[in-house]
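Here's a quick look at a sheet and a pocket, for anyone who'd rather read it over coffee than scroll through coordinates.

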Amino acid sequence: MTFKKWLTLHHLLILLCLLLIPLLIYKGIGISQKVSAVKKAEVFYGEKNLIDAETWYQEAQKNRMIQYKEELIASRLEELAPITAIKDSLSNIASEASKAAHKKDFEHLMTAYTELKQVRSTYLKAEGVYSEYYKQLSKQYGISHSFTDYFQQFRTDLLKQSQQNLTHHNYENESFKWKLLRIPAHFFGTEQEWLDELNSVFKQYDEAKLENLATRGDIENMLRHTSSMLKEYKEHSHEAPWVTAKMDALMQTQFNQDWSREDYAAFAQHARQFDTFASSANPHSKVLTYAKQGIDKLLRSAEKSVRSRDYQTAIDLYTALGNYQDTKADIHAVELAWTAAEPVRLLPALNNGEGYKHVAGGVKRFGSSIYVAATDVNNQLFFGRMNNEESVQILSNRDLTANEQIRSLNIDPNLSTSDIPVVTIEAESKTRTTLYIAFEVLEDRISLLYWIEADDLSIQTDGTLQVVNPIGEGEGQTAIFERYGDTYQFIGIKQEFKDIAADDVSLYPDMLVRFTCTVISPRTGEALAQGEQGHMILQGDLTFNEGKAVVIGRFTHYTELMTEVQPGEEGTEPNASSPDEPASGQPATQTIRVPVIKVESVKQ
């Protein structure tokens, strides 16, 4: 028998039936399960166990082996749709929360928790129809337990991050604070208990952080961090009074250290930095008041130093205070006051490091606000002056050599004019008591005015010099020097004379006298003059001008002088040479004796 003969239609049908038996068994089981699911659902539904009822109705609906009470199933599921929604939501939330915890994704977990709160607010209501069902399903899915575990783990991890920041002194990422603040309090007790715990953690962290920043000495960085902390706390609506309290304590310590070390520049700098911070963050800070009082005290000390002429201390204080406020004008004012008190400061510092040896100066003369004359170790003469626009001019002169031993240097008030100062110097002389030197300070140079070695030199009110025993002309006598052009020159010997009245000149024959008379007949070589009562003849190689004259000379002899006498003048005795007298009312002549004066000098 061949296979073809054996494979008949009959046999094929038998084979197909054998193959369909498992399918029929499977379908039968499915039908039985669906029927059973509907029956169980109905029993649970009748017992008001809607959660289990919804579960079996869902199982029945998923079973497509048979169309069995489909309308009833759909109706029941429509009725139980809220329970389905709760189950779906909680299932999804539980899944997402688990993923977030596994990946340590805090934001994802908070999203899941937010969804949980939304579901809870929808179904968990007082006297709500589905409140009990929500509680049962939440417990069934372990929602509360799971979230508690997840948040506990995040709490542990976040607190570790705070310790790591402190250990590594790295404060760039402080998100742990804000994450901890977002964790629902009820997972760890009451709202106040959780808040107290967080505040304790934050306070410990913030204070340790600020102390570490303070030990680095970078106050500005510490204040910047503090401002950022306060800003972030404000943005997260969280009060953190310990931050400003700790900052006040640290700054008070810093200010005390600065002051005790007399490091006023650091005090002023820290005061400015803290003022900028506290003016907005803590305007009523007692430490800010302390800092400002310290600044005021330093300002008063600087002003007191100026009044007591301790200018360097004043400048040092104002320089230090420049770290708090602009003190450039104050420093400039002190420097001007110092220069006015010590005009030598106008002059440039000497390269050899030595100061100027002889100095004289003053203020507000010769068109200058400040002026000074001084010599260096090599006897180079310097003159400096500052005008009202604070422009400084420095002139110098090298006529003096280093061999001259200077005794004194002055700016002479008699030789100087309103615009031109004259510097007088007295130095050692090998052959006389003193070497007298004078320099005239012109607009663009210092010019030698005189150089005289003598036993004494005095400046007269008329600008001449009386020099006792000078070397050269006038030696052994008192010589007179007068200015001609740019220098003083010898003009003669001083004569000793007696001051008398002009009418008494004949009482001092051959004695040098000085008197005042009036020239009434001017001419050169000889002139007629008169005193209060009588006449006299002035003679000398001089020109006599009409008017008042101060005469120095000697009475040598009398001479006769013909004068006209008016009729009736008392004390006159006309001396006519002819018996013919002049007609009445006509002037007569008479001969009188008058003294003759040999004049040596005359001033008119």
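Two strands pair if DSSP finds at least two bridges between them; strands (E, at least two residues) are DSSP runs, numbered from the N terminus. With that in hand, Ala374 stands opposite Phe382 in β3. Strand β2 (residues 368-375) and strand β3 (residues 381-386) pair in the antiparallel sense, over six bridges.

Keep in mind that this is a predicted model, where local features need pLDDT of at least 70, side-chain atom pairs count only at pLDDT 80 or more, and totals for chains, interfaces and linings use all residues. Residues are numbered from 1 along each chain as its sequence is written, and side-chain values use heavy atoms, with hydrogens and water left out.

Zooming out, β2 and β3 belong to an open sheet of four strands, in the order β1-β2-β3-β4 with antiparallel pairing. The edges are β1 (358-365) and β4 (392-397), each pairing on one side only.

Now for the largest pocket (on a 1 Å grid over the protein atoms alone, an open set of points where a 1.4 Å probe fits, with protein on both sides within 12 Å along at least five of seven lines; lining residues have an atom within 4 Å of a point). Its lining has 19 residues, and Ile480, Phe497, Ile552, Ser601 and Lys603 lie nearest the centre. These strands each supply at least two lining residues:

| Strand | Residues |
|---|---|
| β11 | 478-484 |
| β12 | 487-493 |
| β17 | 547-565 |
| β18 | 588-603 |

β18 gives the most to this lining, with four residues.
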